Amino acid sequence: KPKHWGIVTEADSHKPIGSTVVRIFDKKYNKLLETQVTDAKGRYGFLANKNLYFVTADKKGYERFISEDIDLTHAEAQTIERPITLKKVGDTPTPTPTPTPTPTPTPTNPFTDQSV
């Protein structure tokens, strides 16, 4: 287990978010290496070799987080414990699409099929 932890928090309240799925990937091959679920305090931590990585975090009701590249090719520390901030879905205003007007059908006489 890592000595230090990365913590997943909410963008607005800065409160830890438990039960978040955090994944670590090998950057070169885009290969999933490990998956963890954060504890009630939002903690996670990955032990890693010297390599290039990125992490993702997913939680229902929040936007997916994808980290910048994490370069451990020359690092002494072999743990990944970056802070992760998740934004709630809908926090960023999205433009509302303008509704397209629907043409009204011309009423027809059912007996003659002619316009009224």
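Here is a short chat about a predicted model of a protein chain.

Me: Okay, what's this chain built from, how many helices and strands?
Reply: There are 0 helices and 10 strands. Since this is a predicted model, keep in mind that we're talking about a computed structure.

Me: How much of it is buried?
Reply: Buried residues make up 28% of the 116 residues.

Me: And what about the surface, how much of that belongs to carbon and sulfur?
Reply: The accessible surface is about 8,600 Å², and carbon and sulfur atoms account for 54% of it.

Me: Let's look at a sheet. Which strands are in the open one?
Reply: That one has 3 strands in the order 4-1-10, with mixed pairing. Strand 4 (43-44) and strand 10 (84-86) are at the edges with a single partner strand each, so one side of each has no neighbour in the sheet.

Me: How do strand 1 and strand 10 run, parallel or antiparallel?
Reply: They run parallel, and 3 bridges join strand 1 (residues 6-10) to strand 10. If you want a spot to click on, threonine 9 stands opposite threonine 85 in strand 10.

Me: New topic: rings. How many aromatic pairs are there?
Reply: A search of the whole structure finds 2 aromatic pairs. In one of them, phenylalanine 25 and phenylalanine 54 have ring centres 4.9 Å apart and planes at 5 degrees, so that pair is stacked.

Me: Where do those two sit in the chain?
Reply: Phenylalanine 25 is in strand 2 (residues 21-26) and phenylalanine 54 is in strand 6 (residues 52-58), so the pair links distant parts of the chain, 29 residues apart. Phenylalanine 25 and phenylalanine 54 are both buried.

Me: What about tyrosine 44 and phenylalanine 46, how is that pair arranged?
Reply: That pair is tilted, with 5.7 Å centre to centre and 55 degrees between the planes. Tyrosine 44 counts as buried because its relative accessibility is 0%. Phenylalanine 46 is buried too, with a relative accessible area of 0%.

Me: What sits over the ring of tryptophan 5?
Reply: The charged end of arginine 43 does, 5.2 Å from the ring's centre.

Me: Last one: where is serine 67?
Reply: Serine 67 is in the loop between strand 7 (65-66) and strand 8 (70-71).

Me: Why does serine 67 count as buried?
Reply: Because its relative accessible area is 15%, and buried means under 20%.

Me: And what is it in contact with?
Reply: Leaving aside neighbours within four places in sequence, serine 67 is in contact with Phe54 and Val55. You've met Phe54 already, in the stacked pair with phenylalanine 25.

Conventions: Residues numbered from 1 in each chain as written. Predicted model: local features only at pLDDT ≥ 70, side-chain atom pairs only at ≥ 80, totals over all residues. Heavy atoms only, no water. Helix = DSSP H or I, 4+ residues; strand = E, 2+ residues; numbered from the N terminus. Buried < 20%, exposed > 50% of the residue type's maximum accessible area, 1.4 Å probe, protein only. Contact = heavy atoms within 4.5 Å. Areas by Shrake-Rupley, 256 points an atom, 1.4 Å probe, with all protein chains shown as cover. Pairing = 2+ DSSP bridges. Phe/Tyr/Trp six-rings, centres within 6.5 Å; stacked < 30°, edge-to-face > 60°. Lys NZ or Arg CZ within 6 Å of the ring centre and 35° of its normal.
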